Amino acid sequence: MATLAQLEEGMRRARDAGKLDYARILGQQIIEARKNPANMIPDSVIPETITRPPEPTMGEKVIGGLDAAATLATAPIGAVGAIGGALKGLAQQILDGKFGTPEAVKMVEKAAAEGMQAGMRTPATQAGGEMVESVGKALEFLPPVIPVAGPVGAVGRAAQGMAPLAEATAMRGLAAAKPIVQKAAQAVQAVPEGMGKMIVGDSGLPEGVSVARKGSGGAAATPIELQRATEAEMAGLRLTEGETKRSPQMLAWEKEKAKTPEYQAQFLERQQENNRAALTKFDQLIDDTGAETGDMSNTGIKVVDTLMKGYAQEKAKTNALYEGFRNSPEAQMPVNQAPVLEFLNSQPVGVSGMTGVTDLARQNAVRLGIAQMDDAGNLVPAPTTLGKLEEFRQSVSAIGASTPNDRRLVTILKRQIDNVGDPVGGQVTRAMRAQRQRQAQKYENRAIVANLLAEKKGMSDAKVPIEDVFQKTILSARPSEIQHIKRVLLVAGGDEGKQAWKELQGATLRHLNDSAVSGIGADNLPVVSAAKLRKAVDTMDKNGKLNMVLGVSGAEQVRNLARVLEYIQTNPPMTSINNSGTARTVMALITEAGLTGAATGVPLPIIQGMKAIRDSVKDRKIKARITQALNYKPQGVSQ
């Protein structure tokens, strides 16, 4: 004996399973049971048993079979409705007792004509309803295959002879009609497995995947799925279910449906949406840097102008300290410059390509009065002050050092001068010397800055063209050089220097964006390529330049965008996508030729009518599954 709760649960399950007769029986028993107050106590036992509906008789089964075949054939597609009309009329004549009369033939023909305009009918008998339900279940669990694609006109031509076929079948008597009706109503069960797939076609869903019931939360996502979904949310892009799970089967199904004309609109819209989001993400990152210029030339102008202004300010500070030094008592203090002259006397004289620096330094020493030349050509010390020694040092710094040997000699000479003068000088001398050293370290001693400030030898043109500044300072520069120019702009350049650095950051993001786009999409926007973006990011990332230029947060956002685009545009191994329409064409030809009917023993119009119904159901399921896949979000991600 079942409790009231058990009866209610049974009715709910019967209703959900489509067994409406059982649900009605249980509903009646629940109404009767609730009349007894004792049964309203939870889990009370109801002594009433559930009785099953009586088994239909043989005649009811035959009539139900025709009724089911009529229902299956009455799909809402023009000529196929004629099949349903004919079968419906035949079943009705049997029910009315007019089977085999001339009036019945006319009624069948009239029903076939009306069926042309009719939609999907409801079975008129209980047996017919059960048969339709059985066929529906069989169709539901067929393995997915490529659907038969035959023209509607062919179905119509086959349907023209449906009424005579139905009448001829009925004339053989109820016993003879039984196996034919069963074949029509249960065609899937009556044919070989492979041929059955050709009749009813593909379910449209990937293997092992079904449309989720309304309200179903689905299985809990794995950590890697949650990571992908979170990354996509951060990038402003949306992943499909296959892209989130990286499931080869699901991805193959999505990609194949995206190539099918009747379903590709949703996928194209999603593709364009994600592409716009990727372009927008780059724009947002550029805006976040605070960059104001929109091209490489203006970026170069901003950087060079800022460096020149900073260099001019630094030299002005140096000159002011030098002027103060010359007017100070420290400049009049005597020094012993003999060690400097001894070094010059130790160097060869007049050797081309080797002694240019020392030869010129010897001449400057005599010209400035810190030395005299004896008869042997050696330098002899003359009375010298700290101020004169400093002038000699400046003349050495001005000597062009074009070769490594020249640069070595200049460095040695300046060190010799400082060793002599620094111990004599006081605070004014030290301040002047420190300022001069800062100037050299910022703007003169590192080629990445010095080359931007220099002009071509003997010309007024810049050594580095404005449009090449970004290339020289970021793309082709070493990390240590980038770090140096960043420090000069941010620390020494003031507000203008900070803005110039922002321009270089913005130019870097524009470079990544420009490197990633490939062609123009259907919406007339550049298409961002995951492969090209990955290549550009890796080029800057392999030696840490991406973090150095964009900062840790900005660099990670770019990497994240590249990863998400790879989820969308790449497939994992073993993802097999059928891009050929050959199989569909072959199946259509086989069906049109009537080979399917010959192999199964089921009349071709009935088979094609069943296929039309199946195609309609399949189409709805595919569209529902596409919507589910496009809007998939794993548990744990904000909805």
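Modeller: Let's start with a term: buried means under 20% relative accessible area. Keep in mind that this is a predicted model.

Colleague: Fine. Which buried residue has no salt bridge?

Modeller: That's Lys-281, which is buried yet has no salt bridge. Lys-281 sits in helix H15 (residues 264-289).

Colleague: How do you know that Lys-281 has no salt bridge?

Modeller: A salt bridge needs a Lys or Arg side-chain nitrogen within 4 Å of a carboxyl oxygen of Asp or Glu. The nearest side chain of opposite charge, Asp-288, is 6.4 Å away from Lys-281, so the pair fails that cut-off. Leaving aside residues up to four places away in sequence, Lys-281 touches Met-234, Ala-235, Gln-557 and Leu-561.

Colleague: And what makes Glu-231 and Arg-563 a salt bridge?

Modeller: Their side chains meet at 3.3 Å, N to O, and the limit is 4 Å, so the pair counts. The two residues link distant parts of the chain, with Glu-231 in helix H12 (residues 223-235) and Arg-563 in helix H27 (residues 545-569), 332 residues apart.

Colleague: Why is Glu-231 called buried?

Modeller: Because its relative accessible area is 7%, and the word applies under 20%. Arg-563 has 23% relative accessibility, so it counts as partly exposed.

Colleague: What about Glu-9 and Arg-13, where do they lie?

Modeller: Both are in helix H1 (residues 4-16), 4 residues apart, or about one turn of the helix. Their side chains meet in a salt bridge at 2.9 Å, N to O. Arg-13 counts as exposed because its 56% relative accessibility passes the mark of over 50%.

Colleague: Why are H16 and H19 called roughly antiparallel?

Modeller: Helix H16 (residues 296-326) and helix H19 (residues 386-397) pack at an angle of about 150°, with axes 10 Å apart. Angles over 145 degrees count as roughly antiparallel, so the label fits this pair. Tyr-322, Phe-325 and Arg-326 in H16 meet Leu-386, Gly-387, Glu-390 and Gln-394 in H19.

Colleague: How do you know that E5 and E6 pair?

Modeller: Pairing takes at least two bridges, and strand E5 (residues 517-520) and strand E6 (residues 526-528) have 2, in the antiparallel sense. Val-517 stands opposite Val-528 in E6. The strands form a hairpin with 5 residues between them.

Colleague: What makes the phi of Asn-524 stand out?

Modeller: Most residues other than glycine have a negative phi. Asn-524, in the loop between E5 and E6, has a positive phi near 70°. Asn-524 counts as exposed because its relative accessibility is 65%.

Conventions
Residues numbered from 1 in each chain as written. Predicted model: local features only at pLDDT ≥ 70, side-chain atom pairs only at ≥ 80, totals over all residues. Heavy atoms only, no water. Buried < 20%, exposed > 50% of the residue type's maximum accessible area, 1.4 Å probe, protein only. Lys, Arg positive; Asp, Glu negative; His and termini not counted. Contact = heavy atoms within 4.5 Å. Axes fitted to C-alpha atoms, helices over the stretch in contact; angles between N-to-C directions. Parallel < 35°, antiparallel > 145°, perpendicular 65-115°, else oblique.
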